[in-house]
Amino acid sequence: MAEIFDQMEVEFVDQDVSVQVVADTIRNNGEVPERYVRSEIKAEGVIVDAEGYNLPIVDMSRLLSPEFSDEEAVKLGSACENWGFFQVRDDITEFFSLPLEEKLAVAIQPNGVQGFGHHFVFSKEQKLDWVDLLFLATRPVEERSLDFWPTKPSTFRDTLDKYSLEMANVSRQLLKYMANSLGVDQDTLLDTFKGQPQSVRINYYPPCFQADKVLGLSPHTDGVGMTFLLHVNDVQGLQIKKDGKWFSVESMPGALVVNIGDVLEILTNGKYKSIEHRAVVNPDKERITIAAFHSLNLFCTIGPLKDLLKVGEARYKDIDGVEFTKGYFAAKLEGRRYLESLKLGE
Ligand SMILES: O=C(O)CCC(=O)C(=O)O
Ligand SMILES: [Fe+2]
């Protein structure tokens with residue numbers, strides 16, 4: 001799985017070394033550079049605050065207890081079908097307060113994706129996201145490229161290792177309950193995720209005094225099975241699109257926001273939804289999140305689960321996993337466009 005990240009065959013273009021440095025430079029008397037100004041945010045309109053809806057909360061301890069498991073699993077199933085997002089608990093790591101030189105020790109290499117830097121920058125003309133990131137393949141363990149794993153702070157690697165294991169365990173548990181809720185065989189679904197490839201993307205969104213002019217992360221879906229997002233410093237900024245409107249997500253302190261990615265939408269033949277989401281920036285505070293992505297062994301074919309095709313026609317093409325991932329990275333962050341292109345007969 002990890003080696004796929006070294007052969008993406010897509011060309012990324014340089015941008016500023018660090019958005020954090022840009023933010024620091026303009027803080028007192030500057031303007032946001034044109035490459036970061038997103039006029040579409042205002043044009044697009046409606047943002048609905050958290051009061052407008054209730055994001056389902058699934059309690060892991062209830063899910064795992066014999067007494068409440070069934071009840072909680074029903075909530076889990078409905079959360080995946082209707083929202084693609086819900087929350088569970090856990091903990092986190094930090095790296096971005098180091099001086100820039102230290103972060104550049106693990107800089108993303110030309111045309112690579114692992115390390116510190118930026119993703120999805122293809123042209124000098126395109127608009128840029130207001131974020132610095134650290135992206136690492138974390139599982140299977142033997143496929144880690146430790147060159148990109150920070151050695152500072154000294155506990156970083158160990159902390160990430162533990163976090164990665166916790167997340168892998170949670171994803172395994174959730175898959176079991178999802179299988180039950182979908183009515184597919186547990187082992188079949190778990191087998192599909194065998195080896196549990198996992199990667200993490202740690203996002204650092206510097207504050208921006210003209211926060212409404214920029215976007216932290218462009219609208220996109222995640223090209224994986226499912227994602228667990230932890231708000232490292234509890235600054236909010238995640239928005240999800242439902243019924244054509246943007247909703248802000250209020251994450252409970254220490255909770256994980258879970259979302260279904262493109263691969264699970266395809267496997268479930270569209271029953272679970274890969275939700276389009278984006279991140280906005282805070283005017284005064286830095287915002288840090290860690291997204292843990294869980295996917296399939298990509299050296300296989302991705303398509304609707306056979307168990308589900310007994311009761312309905314396939315709505316998505318079968319696609320080779322490596323092709324899918326290359327296509328995802330090459331398609332840029334453009335909402336659900338790439339996923340929609342994999343639908344049959346539409
Ligand atoms: O930081 C966030 O709120 C969203 C992060 C995200 O969507 C991602 O890393 O894929
Ligand atoms: Fe995402």
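Helices (H or I, at least four residues) and strands (E, at least two) are taken from DSSP runs and numbered from the N terminus. The model is a predicted one, so local features need pLDDT of at least 70 and side-chain atom pairs count only at pLDDT 80 or more, while totals for chains, interfaces and linings use all residues. Residues are numbered from 1 along each chain as its sequence is written, and chains are lettered from A and ligands numbered from 1 in the order in which they are written.

K127 sits in the loop between β3 (115-117) and β4. With 15 C-beta neighbours inside 10 Å, K127 comes out as partly exposed (20 or more other C-beta atoms within 10 Å would make a residue buried, 12 or fewer exposed, and partly exposed is in between; C-beta atoms are placed from the backbone). Its contacts (C-beta atoms, placed from the backbone, within 7 Å), leaving aside neighbours within four places in sequence, are R35, Y36 and R38. The C-alpha atoms of K127 and E34 are 8.1 Å apart, although 93 residues separate the two along the chain.

Y36 turns up again among the contacts of W130, again leaving aside neighbours within four places in sequence; V19, Y205 and V281 are also among them. W130 and F228 touch the most other members of the largest nonpolar core, which has 76 residues (such a core is a set of buried Ala, Val, Leu, Ile, Met, Phe, Trp, Tyr and Cys residues joined through C-beta atoms within 7 Å). Helix α6 (residues 156-182) gives this core its largest share, 10 residues.

V19 also belongs to helix α1 (residues 19-26), where V19, Q20, V22 and A23 are buried. These four cover an arc of only 160° around the axis, so they lie on the same side of α1 (the arc is that of the directions from the helix axis to the C-beta atoms). Among the elements covering them are β4 (132-139) and β5.

F228 leads to strand β7 (residues 226-231), where six of the six residues are buried, so the strand is largely enclosed by the rest of the structure. M226, F228 and L230 point one way, and T227, L229 and H231 the other. Pairing (at least two DSSP bridges between two strands) links β7 to β10 (residues 255-260) through five bridges, antiparallel, with T227 partnered by N259. Six bridges join β7 to β12, also antiparallel, and here M226 partners H294.

L229 is also one of the residues surrounding ligand 1, as are R201, D222 and H277.

Methods
A residue is near a molecule or strand if its C-beta atom, placed from the backbone, lies within 6 Å of it. Two residues are in contact if their C-beta atoms, placed from the backbone, lie within 7 Å.
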